[in-house]
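Please open the structure in the viewer and follow the selections below in order. Each stop names what to select and then describes what is found there.

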Amino acid sequence: MGREFLDLVDTREAHSIIRSLFQEIYHPPKVEKINLKYAYGRVLAQDVKSPIDLPPFNRASRDGYALKAEDTFHASEDNPSILKCIEVIEAGAIPQKKVRRGYCSRISTGAPIPEGADAIVMIEYTEEEDDNILIYRSAYPGQHIAPRGSDMPKNEIIAKKNSILSPEKIGAISAAGISKVPVIAKPKIGILSTGNELIEPSNHWTPGKIFDSNSHSLAAAVKNCGCEPKILGIVKDDYTEVYKTIQESIQECDILITSGGTSAGAGDMLREVIEDIGEVIIHGISIKPGKPTIIGKIDDKLVFGLPGFPVSALIIFDVFLRPYLMELSGKPQMEHRTIELPLARRLHSSRGRIHYALVKIENNKVYPILKDSGAITSLADADGYIKVPKNVEILEEGSNVKVSPFSQ
Ligand SMILES: Nc1nc2c(c(=O)[nH]1)N[C@H]1C(S)=C(S)[C@@H](COP(=O)(O)OP(=O)(O)OC[C@H]3O[C@@H](n4cnc5c(N)ncnc54)[C@H](O)[C@@H]3O)O[C@H]1N2
Ligand code: MOO
């Protein structure tokens with residue numbers, strides 16, 4: 001007998017080991033400063049405060065005349081106030097003249113309010129007649145003026161640590177004159193497929209070969225967790241090649257995910273390679289599918305050896321990587337919601353391992369997908385999975401089950 005995974009750990013123990021490894025290796029998360037241009041969707045690593053008052057000066061919020069409100073108190077359509085215009089202030093200009101009683105300045109929206117003025121009357125309620133400006137409406141002090149700091153005073157928090165940079169937040173940050181923001185660095189996740197039978201989907205099929213689907217499904221799942229996947233390609237079941245590739249690629253990423261070669265087959269040497277370069281922490285989890293999963297550590301980085309079967313690889317990713325990767329990238333995790341519905345037909349499970357059974361939901365009933373872990377179509381059909389406890393062998397038709405949907 002080979003030295004394959006004889007010491008299975010149960011899922012709870014596996015979670016507890018993974019949680020402490022992430023805590024030990026990847027905390028606190030790496031932070032990088034990036035240009036606001038690239039910040040959409042990223043997670044802020046610190047509070048961002050405004051270094052200035054916003055608006056930075058008392059600002060006109062309408063086109064019209066800046067004046068003293070008291071000059072207009074009795075103004076009406078029949079009895080306009082008559083003022084003299086002393087200046088025209090465009091947005092971006094600096095007012096040169098003080099507005100005194102009996103005078104006004106023509107002003108554009110966004111321009112600074114001249115000294116002495118305390119209100120704006122909109123251009124629609126005025127008329128220019130010879131040298132005079134006729135004001136047909138009264139104004140109250142402060143009318144159509146956005147005072148300095150009224151939008152956001154200096155040092156106020158614009159966006160909080162851990163918030164996701166939305167278009168609105170990016171707008172507010174740039175309005176404060178900030179062009180770079182500290183964000184949580186996206187963890188780089190290397191993805192390597194192992195197997196002599198594998199070829200790229202872009203290659204021509206030849207007998208005995210299988211298109212590599214794990215690289216692509218795992219890369220998408222990694223992205224969905226807010227991390228950056230790096231597809232490293234396919235490596236043959238050859239000790240030296242696997243050794244060299246893992247040793248080199250671990251340098252370029254924070255976590256390495258491999259698929260295939262975890263089991264007891266002739267070409268399965270992943271365990272040996274990880275042991276020779278670093279250490280194997282777990283080999284074998286009491287879960288179905290995914291039993292031969294390997295978790296190891298190389299150069300203080302984690303390596304997850306997922307089983308080659310596409311269903312097994314994705315289920316193990318979902319159960320043992322997704323929650324930790326999301327936490328690492330700062331991506332908010334939705335509450336793990338499940339949908340409770342009756343089972344459409346009886347489901348047999350194997351005793352002794354927690355069974356994650358793929359299911360489809362139709363007409364408010366849960367249909368188990370009865371293909372094996374190698375069937376990629378079972379994934380494409382599945383809406384999610386149900387968790388069958390390890391001591392349960394049969395779930396009867398009609399019994400209520402909780403479905404964990406794949407896309408949260
Ligand atoms: N004697 C035993 N055989 C197997 C056992 C066992 O306990 N004793 N466990 C079975 C279980 S359970 C699983 S799961 C698989 C896991 O095997 P490996 O991780 O070694 O995976 P491979 O043998 O390399 O591949 C399995 C299967 O998946 C296909 N595959 C692999 N990589 C990809 C990929 N990137 N894209 C698409 N398909 C892939 C591969 O062609 C195989 O068909 O072992 C069982 N055997
Ligand atoms: O553990 Mo394997 O992944 O059952 O199919």
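**First stop: ligand 2**

Begin by selecting ligand 2, which is surrounded by K288, P289, G290, K291, P292, P307, F309, S312 and S373. Please bear in mind throughout that this is a predicted model. Sorted by class, the shell around ligand 2 comprises four nonpolar, three polar and two charged residues.

Keep two neighbours from that shell, K288 and P289, on display. The peptide bond that runs from K288 to P289 is cis, and its omega is near 0°. P289 itself sits in the loop that joins β19 (287–288) to β20 (294–298).

**Second stop: ligand 1**

Next, select ligand 1. Which residues are closest to ligand 1? They are N214, G260, S263, P307 and G308, out of 27 residues that surround this ligand. Two elements, α3 and α6, each give two or more residues to the shell. The class count for the shell around ligand 1 is eight nonpolar, 15 polar and four charged residues. P307 deserves a label here, since P307 is listed among the closest residues to ligand 1 and also belongs to the surroundings of ligand 2.

**Third stop: helices α3 and α6**

Now show helix α3 (residues 214–224) together with helix α6 (residues 310–329). Their axes come within 11 Å and cross at roughly 20°. Angles under 35 degrees count as roughly parallel, and α3 and α6 are therefore described as roughly parallel to each other. The handedness of the α3 and α6 crossing is right-handed.

To see the contact itself, display N214, S217, L218, A221 and V222 on α3, and P310, A313, L314, F317 and L325 on α6. This contact of α3 with α6 contains eight nonpolar and two polar residues, with no charged ones. N214 links this stop with the previous one: N214 takes part in the helix contact and is one of the closest residues to ligand 1.

**Fourth stop: helix α1 against α6**

Keep α6 in view and add helix α1 (residues 11–26). The axes of α1 and α6 come within 11 Å, with a crossing angle of roughly 25°. By the angle, α1 and α6 are therefore roughly parallel to each other. The crossing of α1 and α6 is right-handed.

Which residues make the contact between α1 and α6? On α1, select A14, I18, F22 and Y26; on α6, select F320, Y324 and L328. The contact of α1 with α6 consists of seven nonpolar residues, with no polar and no charged residues.

**Fifth stop: helices α4 and α5**

Move to helix α4 (residues 239–249) and helix α5 (residues 270–277). The two axes come within 10 Å and cross at roughly 50°. That angle makes α4 oblique to α5. The crossing of α4 and α5 is right-handed.

For the contact, display Y239, V242, Y243, I246 and Q247 of α4 with L270, V273, D276 and I277 of α5. These residues divide into seven nonpolar, one polar and one charged.

**Sixth stop: the annotated region**

Select residues 190–327, which an unreviewed UniProt entry annotates as "domain: MoaB/Mog". Over this range the chain is 35% helix and 29% strand. The C-alpha atoms at the two ends of the range are 18 Å apart.

**Last stop: two backbone details**

Finally, centre the view on L54 and P55, where the connecting peptide bond is cis with omega near -10°. P55 lies in the loop between β2 (48–49) and β3 (59–60).

Then select H144, found in the loop between β9 (132–135) and β10 (145–146). Is the phi angle of H144 positive or negative? The phi of H144 is positive, at about 55°, although H144 is not a glycine.

Key:
Residues are numbered from 1 along each chain as its sequence is written. Chains are lettered from A and ligands numbered from 1 in the order in which they are written. This is a predicted model: local features need pLDDT of at least 70, side-chain atom pairs count only at pLDDT 80 or more; totals for chains, interfaces and linings use all residues. Axes are lines fitted to C-alpha atoms, for helices over the stretch in contact, and angles run from 0 to 180 degrees between N-to-C directions. Helices (H or I, at least four residues) and strands (E, at least two) are DSSP runs, numbered from the N terminus. Angles under 35 degrees count as roughly parallel, over 145 as roughly antiparallel, 65 to 115 as roughly perpendicular and the rest as oblique. A crossing is left-handed if the near helix is turned anticlockwise from the far one by less than a right angle, and right-handed if clockwise. Two residues are in contact if their C-beta atoms, placed from the backbone, lie within 7 Å. Ala, Val, Leu, Ile, Met, Phe, Trp, Tyr, Cys and Pro count as nonpolar, Asp, Glu, Lys and Arg as charged, and the others, Gly among them, as polar. UniProt positions are given in the numbering used here, feature names are shortened, and annotations may be inferred rather than shown by experiment. A residue is near a molecule or strand if its C-beta atom, placed from the backbone, lies within 6 Å of it.
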